[in-house]
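Here is a short report for a first look. Begin with the view below, then read on.

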Amino acid sequence: MVKICCIGAGYVGGPTMAVIALKCPDIEVVVVDIFEPRIIAWNSDHLPIYEPGLDDVVKQCRGKNLFFSKDVEKHVAEADIVFVSVNTPTKTQGLGAGKAADLTYWESAARMIADVSKTDKIVVEKSTVPVKTAEAIEKILTHNSKGINFQILSNPEFLAEGTAIKDLFNPDRVLIGGRETPEGQKAIHALKDVYAHWVPVEQIICTNLWSAELSKLAANAFLAQRISSVNAMSALCEATGADVSQVSHAIGKDTRIGSKFLNASVGFGGSCFQKDILNLVYICECNGLPEVASYWKQVIQVNEYQKTRFVNRVVSSMFNTISGKKIAILGFAFKKDTGDTRETPAIGVCRGLLGDKAMLSIYDPQVSQEQIQRDLSMQKSELDRPPHLQPASPTAIKQVTCVWDAYEAAKGAHGICILTEWDEFKTLDYQKIYDDMQKPAFVFDGRNVVDAEKLREIGFIVYSIGKPLDSWLKDMPAVA
Ligand code: NAD
Ligand code: UDX
């Protein structure tokens with residue numbers, strides 16, 4: 001029986017390995033992590049991450065050919081294929097701080113693999129890493145190998161949170177990069193055989209190591225660039241009376257452009273886009289390509305601009321002051337169907353509103369009060385650390401309360417900001433909400449989920465990203 005061990009039981013390691021175990025009953029899969037509470041949760045009825053369909057997959061194979069363990073070294077030593085799916089956050093200190101990927105966790109995993117291995121292994125980069133990382137990893141492994149043969153493969157993951165199981169069951173493609181030597185090609189085939197249990201072989205793309213590593217950064221950069229492009233357009237729509245949904249629809253009909261990923265929003269979030277683009281920018285700079293670096297940097301700058309623009313719109317609409325006013329925040333996760341808040345635009349928006357002394361009442365169906373308080377009070381450098389290195393709970397911010405119901409959040413509020421596109425926000429009883437709010441009552445829809453016309457009939461003043469403005473909003477001073 002082939003044995004797989006995955007180092008890192010996070011958003012990628014957990015679901016990816018669960019699906020491999022489900023689709024490959026002839027393979028034993030063990031997911032290991034140094035953060036014990038996560039392993040305990042994976043072995044319980046309350047998995048550490050919320051992902052539609054995940055519970056079902058785990059239940060079907062846990063204890064049969066899928067195991068979660070904190071015994072990292074034992075399972076790495078026994079494995080034929082070792083996936084490494086640890087954090088690769090942005091460096092916060094030293095050379096390349098604020099841009100380069102921090103490979104500390106990757107390197108320590110690689111050194112541990114070299115230390116404990118007694119048999120030949122295929123080591124698979126599942127984490128997103130800078131192009132050429134495989135070369136560094138190869139050096140660490142071979143210089144410490146005691147005669148053991150390691151083959152390094154790059155197999156970046158393209159799943160999106162909220163649809164991870166669907167994406168893993170039906171990937172657009174699986175990408176495997178390896179050395180162009182006979183041993184490298186043999187390793188590629190071994191990994192291809194794993195995916196071929198359920199992925200049609202023509203969808204398994206095999207490349208050299210560097211193309212695979214760079215393709216992952218390129219894919220995320222292109223996706224994020226689409227959102228910044230449509231968000232930039234949304235600002236122009238508001239200024240001209242055009243409607244960004246109509247513009248997206250019209251341009252998306254061009255098959256060369258395509259209709260997906262053109263929803264204007266309060267900004268993109270998630271653990272990947274910003275970090276991977278910063279990483280790309282750094283690689284470009286290191287390769288003497290400042291013009292290319294500045295092109296990609298702009299994608300992030302527009303994303304920051306979009307969040308600031310949203311906050312400014314809220315403040316200017318409400319007579320230029322939100323000091324002491326209650327504002328309901330509906331949605332805190334970076335997108336619907338996940339409890340993940342890493343780089344969520346809600347952090348920037350809430351901090352902006354708190355900076356203007358608002359009182360926030362926050363509701364998200366999947367994010368805990370503790371997580372929201374951590375996100376709003378901790379430094380980004382602390383939040384980026386793996387869970388076992390994060391500081392204990394910080395002092396709660398008094399201006400922030402967290403509630404478990406959208407109606408409770410909006411009760412007595414002056415305004416509502418919708419920051420995540422949870423389906424339930426489309427069908428709330430907005431008349432009831434309106435009746436319980438201060439007047440004039442505002443809705444700032446950062447995800448274009450509500451029917452603005454219906455809400456206006458009720459009496460709300462509504463701002464929707466990239467849509468023609470209410471006369472109220474038009475009369476307020478222009479926002480930067
Ligand atoms: P995560 O923080 O959810 O999980 C990483 C896990 O690795 C943590 O539980 C941490 O405790 C563990 N870990 C760190 N060092 C370790 C070590 N030395 N030994 C054992 N365990 C260790 O991160 P994630 O979201 O799963 O992302 C992992 C990688 O996958 C990143 O490089 C990310 O860029 C990439 N990726 C993420 C996504 C996504 O949607 N989250 C999608 C594609 C790729
Ligand atoms: C992304 C990539 O899609 C995935 O392939 C990669 O493996 C990891 O990074 P993820 O961050 O989980 O996945 O979610 P995604 O659906 O890409 O959304 C990212 C952010 O963009 C979210 O905040 C989302 O709300 C926002 N978004 C997405 C928009 O604002 N508009 C869109 O049209 C699409």
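This is a predicted model. Its ligand 1 has a shell that draws on both domains: at least three residues come from domain 1 (2-199), and at least three from domain 2 (221-475). In all, 29 residues surround ligand 1. Nearest to the ligand come Gly 8, Gly 10, Tyr 11, Val 12 and Ser 127. Helix α5 (residues 104-116) gives the largest share of this shell, three residues.

Now the domains themselves. The domain assignment of the protein gives domain 1 (2-199) and domain 2 (221-475). Taken over C-alpha atoms, their centres are 32 Å apart. Where they meet, 22 residues of domain 1 are in contact with 21 residues of domain 2.

One helix pair deserves a look. Helix α9 (residues 209-240) and helix α11 (residues 273-286) have axes that come within 9 Å. The axes cross at roughly 115 degrees, and the crossing is left-handed. On the α9 side, Leu 217, Asn 220, Ala 221 and Ala 224 make the contact. On the α11 side, Phe 273, Asp 276, Ile 277, Asn 279 and Leu 280 do so.

The table sorts three sets of residues by class.

| Set | Nonpolar | Polar | Charged |
|---|---|---|---|
| Shell around ligand 1 | 14 residues | 11 residues | four residues |
| Side of domain 1 that touches domain 2 | 12 residues | six residues | four residues |
| Contact of α9 with α11 | six residues | two residues | one residue |

Conventions: Residues are numbered from 1 along each chain as its sequence is written. Chains are lettered from A and ligands numbered from 1 in the order in which they are written. This is a predicted model: local features need pLDDT of at least 70, side-chain atom pairs count only at pLDDT 80 or more; totals for chains, interfaces and linings use all residues. A residue is near a molecule or strand if its C-beta atom, placed from the backbone, lies within 6 Å of it. Helices (H or I, at least four residues) and strands (E, at least two) are DSSP runs, numbered from the N terminus. Ala, Val, Leu, Ile, Met, Phe, Trp, Tyr, Cys and Pro count as nonpolar, Asp, Glu, Lys and Arg as charged, and the others, Gly among them, as polar. Domain bounds come from an automatic or database domain assignment. Axes are lines fitted to C-alpha atoms, for helices over the stretch in contact, and angles run from 0 to 180 degrees between N-to-C directions. A crossing is left-handed if the near helix is turned anticlockwise from the far one by less than a right angle, and right-handed if clockwise. Two residues are in contact if their C-beta atoms, placed from the backbone, lie within 7 Å.
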